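Visitor: I would like a close look at a single part of this model, the place where the two chains and the ligands come together. Please take me through it in one go.

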2 protein chains.
Amino acid sequence: MKRADNFNAGPAALPLPVLERIQAELPDYGGTGMSVMEFSHRSAEYEAIHNDAQMRLRRLLGIPDGYQVLFLQGGASLQFAMLPMNFLKPADKALYVLTGTWSQKAADEASRYGELIVDDWAKQGGYRDIPESIAGDDPSLRYVHITSNNTIYGTQWRSLPKTKAPLVADMSSDILSRPVQVEEFALIYAGAQKNIGPSGVTVVIVRDDFLATANQDVPTVLQYSTHAKANSLYNTPPTFAIYVMACVLQWVEETGGLAGIVERNRKKAAALYDVIDTHPNLYLGHAEKRARSEMNVTFRLPNDELTKLFLAEAAERGFVGVKGYRTVGGVRVSLYNAVPVEAALRFAEFMQDFARRNG
Amino acid sequence: MKRADNFNAGPAALPLPVLERIQAELPDYGGTGMSVMEFSHRSAEYEAIHNDAQMRLRRLLGIPDGYQVLFLQGGASLQFAMLPMNFLKPADKALYVLTGTWSQKAADEASRYGELIVDDWAKQGGYRDIPESIAGDDPSLRYVHITSNNTIYGTQWRSLPKTKAPLVADMSSDILSRPVQVEEFALIYAGAQKNIGPSGVTVVIVRDDFLATANQDVPTVLQYSTHAKANSLYNTPPTFAIYVMACVLQWVEETGGLAGIVERNRKKAAALYDVIDTHPNLYLGHAEKRARSEMNVTFRLPNDELTKLFLAEAAERGFVGVKGYRTVGGVRVSLYNAVPVEAALRFAEFMQDFARRNG
Ligand SMILES: Cc1ncc(COP(=O)(O)O)c(C=O)c1O
Ligand SMILES: Cc1ncc(COP(=O)(O)O)c(C=O)c1O
Ligand SMILES: [Mg+2]
Ligand SMILES: [Mg+2]
Ligand SMILES: [Mg+2]
Ligand SMILES: [Mg+2]
């Protein structure tokens, strides 16, 4: 079997050893005569997997006591709504920092529930940069919302802000790609399908004292506290997706942990950005250098014809998923945790080769 | 490998050929060099699977034109909230027919949004029976909500009601177990994890003209119309769960279709109910005969000691998942589509043997 060089933006590449393990554990998990998909979510077998996933995430991210780790459904898009449902009332103010399409969507949903203050500095600049500072210390703010990595535009908070108001981050596209001081955050959410698993499960990390301030008049299944009280077993969780996530987290621990990830991610991103910087007239990077994402490398070529040619040649050589997001075009190469260094090096080599021929 | 006789209430048994196919298609689906989990939800490969699942469900259930088939996340529990969010306003009335724990939960959520009229006839009788008729023709009703099969109590609408008001059904625990006149319903919802797939995906079937009457002031991701317009690709769907569902639906089509299912389900349920009826003083069936579920067979033994002994022996013989729901106790044997006839016959034989020794 030839593995594809898969640069999908999410769902995305998973580690081959994880896929092989899942395969080996089908149809019979550990001699039970059942697959994980067939376990009751109330069974000892499943609960062990569920708690294992949680524990590994706590360990890898250094999640302190006093934080809940929840496994929910509905994707980050449901979090765009759940967050303000739980934490905004009409008279409440929240600050949303607009750094890309997803933060805009998060703000749009929140505006149904409270009074939004919007930092649109990055938006005004075409989403190429990340603000150096934000007005997040105002004690009247219910919370401050940021998107740590902007999947579509390829920008990233290289250093995460600190705020006196409770800080909330959508980390969908860079969770577990680098160390994060969880204690600086009131709530973190992330769809699993980029860095830590398949689609179908969303991780929420929430501080108990923030959770305690949540609104009460929210549908039961949309209250964070419902899931916190039930260890994410209030209703049937996406058991198989959580199992795959547990396998991915174990793989991370067995391949150098977060330090190993950081080193590999740095290499992958550097390989591509180096080619961009060597051919600045051919590869027009979208992000300002200081705001470059290590997860999503975005650029265009000088004209649509060359961009098309580049994408066609990339596809021909078997590179998967490098077409830019449908609303913005260009090229986007996603380099999440499970993308091998060699795949990134092969793509960088292709970029160099393309430059030699078209530079 | 010895397969377990798996009578879990959900997540539940899946067909062995489906598990073997999933195994064979890991880590490389159809020579793509990727697993299904690694496909972008915007890729041609994934969209083919997505549309295949939809088409098979349409075919098997005879879903007419003018209905949308949606694949959502959040389980049936999220539907308890989404339904009234989309279709109730404070002055609206809806009729909820209480036939078990799940219909009560559905009603509880709806009561946040509109004025509920509750039919508690079955509840008054300890959830042993299903009403013979309901007051569902009142034109002032926004909708009527029923639970077609009561997973916990083991009762089922043997013949589904017809109403002049829009009829909504939670079919989580009997979808695709028998023919249903979809055109009698305004909306049907069902978590996949009992009869048609793994947990993590919820099917919603909704009539266009009903959908057109939905409330507008609902979070985007919680509007049915959002998903209808986007062919359930508004945000990242639970791609792998949908793939497994597609495999299950194909298996159904290849093993006699709905007619084959109906025949096997009848045999399985008859085998158990026959033993109950032969030993009415040992096996105290919960449901009135006319309301017996073909999906979940529920009974107790004359005292807690015997029930305990029965459950211990069942576990010892390798029967999985037959303990009654935590809030009601007793025995519950779930006989969803993927449970082989032979497994049910083995359990019936065990019941007979137990009766010989303890009758
Ligand atoms: C940063 C970010 N937030 C939110 C989303 C939406 O996630 P989902 O599709 O799980 O709703 C995405 C998806 O790409 C994302 O990259
Ligand atoms: C009839 C019925 N409705 C709703 C539910 C809740 O489903 P979920 O756990 O997917 O939210 C169940 C679960 O067993 C059920 O049987
Ligand atoms: Mg973005
Ligand atoms: Mg994206
Ligand atoms: Mg019930
Ligand atoms: Mg149940």
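Guide: An oxygen atom of ligand 2 is 2.5 Å from an N or O atom in the side chain of T236(A). This is a predicted model, and the distances here are computed from its atoms. The residue before T236(A) in the numbering, N235(A), also takes part: an N or O atom of its side chain is 2.8 Å from an oxygen atom of ligand 2. From the other chain, a polar backbone atom of A76(B) is 3.2 Å from an oxygen atom of the ligand. Ligand 2 thus has partners in both chains, and its place is between chains A and B. It is surrounded by 15 residues, the closest being T236(A), S77(B), T151(B), D170(B) and K194(B).

Ligand 1 also lies between chains A and B. Around ligand 1 there are 15 residues, and the closest are S77(A), T151(A), D170(A), K194(A) and T236(B). A nitrogen atom of ligand 1 is 2.6 Å from an N or O atom in the side chain of D170(A). The backbone of A76(A) places an N or O atom 3.2 Å from an oxygen atom of ligand 1. From chain B, the side chain of N235(B) has an N or O atom 2.7 Å from an oxygen atom of ligand 1.

The relation between the two chains comes next. A turn of 180 degrees, with a shift of 0.0 Å along the axis, lays chain B on chain A with an RMSD of 0.0 Å. That is the relation of a two-fold axis. Both copies use the same surface, and 100% of the contact residues of chain B recur in chain A.

As for the contact itself, chain A gives 61 residues and chain B gives 61 residues. The size of an interface is often stated as the accessible area lost when the parts come together. Between chain B and chain A the buried area is about 4,600 Å², and carbon and sulfur atoms give 57% of it. On the side of chain B, the residues that lose the most area to chain A are P27(B), M37(B) and E38(B), together 13% of what that side buries.

E38(B) also has a charged partner: its side chain meets that of R3(A) in a salt bridge, at 2.8 Å from N to O. Across the interface the rule finds two salt bridges. Residue pairs in polar contact between the chains, both at pLDDT 80 or more, number 33. The elements that give two or more residues to the side of chain B touching chain A are α1 (16-24), α3 (75-87), α4 (101-110) and α8 (239-254) of chain B. Of these, α3(B) supplies the largest share, five residues. By type, that side of chain B divides into 29 nonpolar, 22 polar and 10 charged residues.

A few backbone details remain. Most residues other than glycine have a negative phi, and most peptide bonds are trans. N231(A), not a glycine, has a positive phi of about 55 degrees, and N231(A) lies in the loop between α7 (224-229) and α8 (239-254) of chain A. In chain A, the peptide bond from L26(A) to P27(A) is cis, with omega near -5 degrees. P27(A) belongs to the loop between α1 (16-24) and α2 (44-61) of chain A. In chain B, the bond from G10(B) to P11(B) is cis, with omega near -5 degrees, and P11(B) is in the loop between β1 (5-6) and α1 of chain B.

How values were computed: Residues numbered from 1 in each chain as written. Chains lettered and ligands numbered in written order. Predicted model: local features only at pLDDT ≥ 70, side-chain atom pairs only at ≥ 80, totals over all residues. Heavy atoms only, no water. Contact = heavy atoms within 4.5 Å. Buried area = accessible area lost by both parts, 1.4 Å probe. Salt bridge = Lys/Arg side-chain N within 4 Å of Asp/Glu carboxyl O. Polar contact = N/O pair within 3.5 Å; in protein donor to acceptor, adjacent residues only side chain to side chain. Helix = DSSP H or I, 4+ residues; strand = E, 2+ residues; numbered from the N terminus. Nonpolar A, V, L, I, M, F, W, Y, C, P; charged D, E, K, R; others polar. Least-squares fit on C-alpha atoms with pLDDT ≥ 70 in both. Near = heavy atom within 4 Å.
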